[in-house]
Amino acid sequence: MLCSVCPGAAGGAVELCGVVLCCVKGKHGAVQEEGALCGLDNMTHETLIRRASSLVTNSANTYLSQTTLALLDSLTAYTDTVRTLITLHKSYVSNFQKLNPTQEDKIWQMIVCKRQEVANLREDCKKFETHWMTAIKLSDKAAEAAFNAGADQASATVHSNLHTAQSQIQQVRQLLTEAEKELKESKAEESERLQLETQEEEIPEAYLRED
């Protein structure tokens with residue numbers, strides 16, 4: 001039932017059964033309903049809470065997306081660097097006897113730098129893992145809040161994003177686990193530098209004794 005019409009310069013506000021709707025004039029003076037509420041005075045607490053919970057889920061989704069991307073990038077970079085170190089160290093050990101001192105030193109310095117890079121990337125993974133876990137917990141709480149407030153679609157979206165993020169991280173972690181296993185077996189991160197054999201023959205101890 002139409003209760004009253006409040007005219008305005010560009011249209012008016014129509015109060016329909018106690019709810020104020022914004023209206024504007026369209027072409028040829030036709031009045032068109034915008035479909036939005038003019039103010040919050042006539043909105044119930046339940047409606048306001050539901051809208052607020054939807055805003056929370058939007059922020060949680062953004063935070064989860066950013067932290068997932070950061071963790072995926074760091075885990076991928078770490079895995080690739082670990083495999084590079086393994087390959088480099090394996091080549092160093094297998095070709096050691098064929099290397100001259102200059103070549104040996106160059107490759108060893110590359111191994112040292114790659115080891116440091118692995119250590120730095122490992123710390124990055126730990127840092128982004130902490131952010132990601134916080135995002136997971138926050139998203140879970142946001143989904144619960146939205147569901148309790150009646151924002152079912154917002155809650156379902158968060159749950160879907162959570163599932164996607166966890167699946168992506170799990171796939172990369174499997175590759176990382178394999179790489180770290182190979183790293184441990186190869187001892188590429190902890191082995192000591194090999195020593196080139198000298199060409200000089202050792203003098204028997206008997207010749208070094210004084211008469």
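Helices in this document are DSSP runs of H or I with at least four residues, and strands are runs of E with at least two, both numbered from the N terminus. The legends below describe a predicted model.

**Figure 1. Overall chain and confidence of the predicted model.** The chain contains four helices and four strands, which follow one another from the N terminus in the order β-β-β-β-α-α-α-α. Its mean pLDDT is 80, with 73% of the residues at 70 or more. Two segments have pLDDT under 50 throughout: residues 1-38, for which the model has 60 contacts beyond four places in sequence, and residues 199-204, for which the model has one such contact. Of the contacts with a separation of 6 or more, 62% are between residues 24 or more positions apart. Buried residues account for 28% of the 211 residues. The accessible surface of the chain is about 14700 Å², and carbon and sulfur atoms contribute 54% of that area.

**Figure 2. Helix α2 and its two ends, residues 101-149.** Helix α2 comprises 49 residues, and its end C-alpha atoms are 71 Å apart. At 1.5 Å a residue the helix should span 72 Å, so the expected and modelled spans agree. At the start of α2, the backbone nitrogen of Thr102 has a side-chain oxygen of Asn100 within 3.1 Å. Just after the other end of α2, Gly150 adopts a positive phi of about 95°.

**Figure 3. The aromatic cluster of Tyr92, Phe96 and Trp108.** Two aromatic pairs are counted in the model. In one of them, Tyr92 and Phe96 meet edge-to-face, with ring centres 5.7 Å apart and 70° between the planes. The angle exceeds the limit of 60 degrees, and the pair therefore counts as edge-to-face. Tyr92 also pairs with Trp108, in a tilted arrangement with 5.4 Å between centres and 45° between planes. This second pair joins distant parts of the chain, since Tyr92 belongs to helix α1 (residues 45-94) and Trp108 to helix α2, 16 residues apart. The members of the cluster are buried: Tyr92 has a relative accessible area of 1%, Phe96 one of 4% and Trp108 one of 9%. Each value counts as buried because it is under 20%.

**Figure 4. Arg193 and its acidic partners Glu104 and Asp105.** Arg193 lies in the loop between α3 and α4. Its relative accessible area is 31%, so Arg193 is classed as partly exposed. The side chain of Arg193 makes polar contacts with two side chains: that of Glu104 at 2.8 Å and that of Asp105 at 3.0 Å. Beyond four places in sequence, the contacts of Arg193 are with Tyr92, Glu104, Asp105, Trp108 and Gln109; of these, Tyr92 and Trp108 also belong to the aromatic cluster. Arg193 and Val93 are 100 residues apart in sequence, while their C-alpha atoms are 9.6 Å apart.

**Figure 5. Thr57, a buried residue of helix α1.** Thr57 is part of helix α1, and its relative accessibility of 1% places it among the buried residues. A polar side-chain atom of Thr57 lies 2.6 Å from the backbone oxygen of Ser54. With residues up to four places away in sequence set aside, Thr57 touches Ala142, Ala146, Ala154 and Val158.

**Figure 6. Ser155 and its contact with the backbone of Ala143.** Ser155 lies in helix α3 and is buried, with a relative accessible area of 3%. Its side chain reaches the backbone oxygen of Ala143 at 2.9 Å. Neighbours within four places in sequence being excluded, Ser155 is in contact with Ala143, Ala146 and Phe147. Ala146 is also one of the residues touched by Thr57.

**Figure 7. Lys187, a residue other than glycine with a positive phi.** Most residues other than glycine have a negative phi. Lys187 has a positive phi of about 60°. Lys187 lies in the loop between α3 (152-186) and α4 (205-208), the loop in which Arg193 is also found. With a relative accessibility of 48%, Lys187 is partly exposed.

Methods: Residues are numbered from 1 along each chain as its sequence is written. Side-chain values use heavy atoms; hydrogens and water are left out. pLDDT is the predictor's confidence in each residue, from 0 to 100. Contact means heavy atoms within 4.5 Å. The expected span of a helix is 1.5 Å times one less than its number of residues. A polar contact is a pair of N or O atoms within 3.5 Å; within protein, one must be able to donate a hydrogen and the other to accept it, and residues adjacent in sequence count only if both atoms are side-chain atoms. Buried means under 20% relative accessible area, exposed over 50%, partly exposed in between (1.4 Å probe, protein chains only). Accessible areas come from the Shrake-Rupley method with a 1.4 Å probe; for residues, only the protein chains shown count as cover. Rings of Phe, Tyr and Trp (its six-membered ring) pair if their centres lie within 6.5 Å; planes under 30 degrees apart count as stacked, over 60 as edge-to-face and the rest as tilted.
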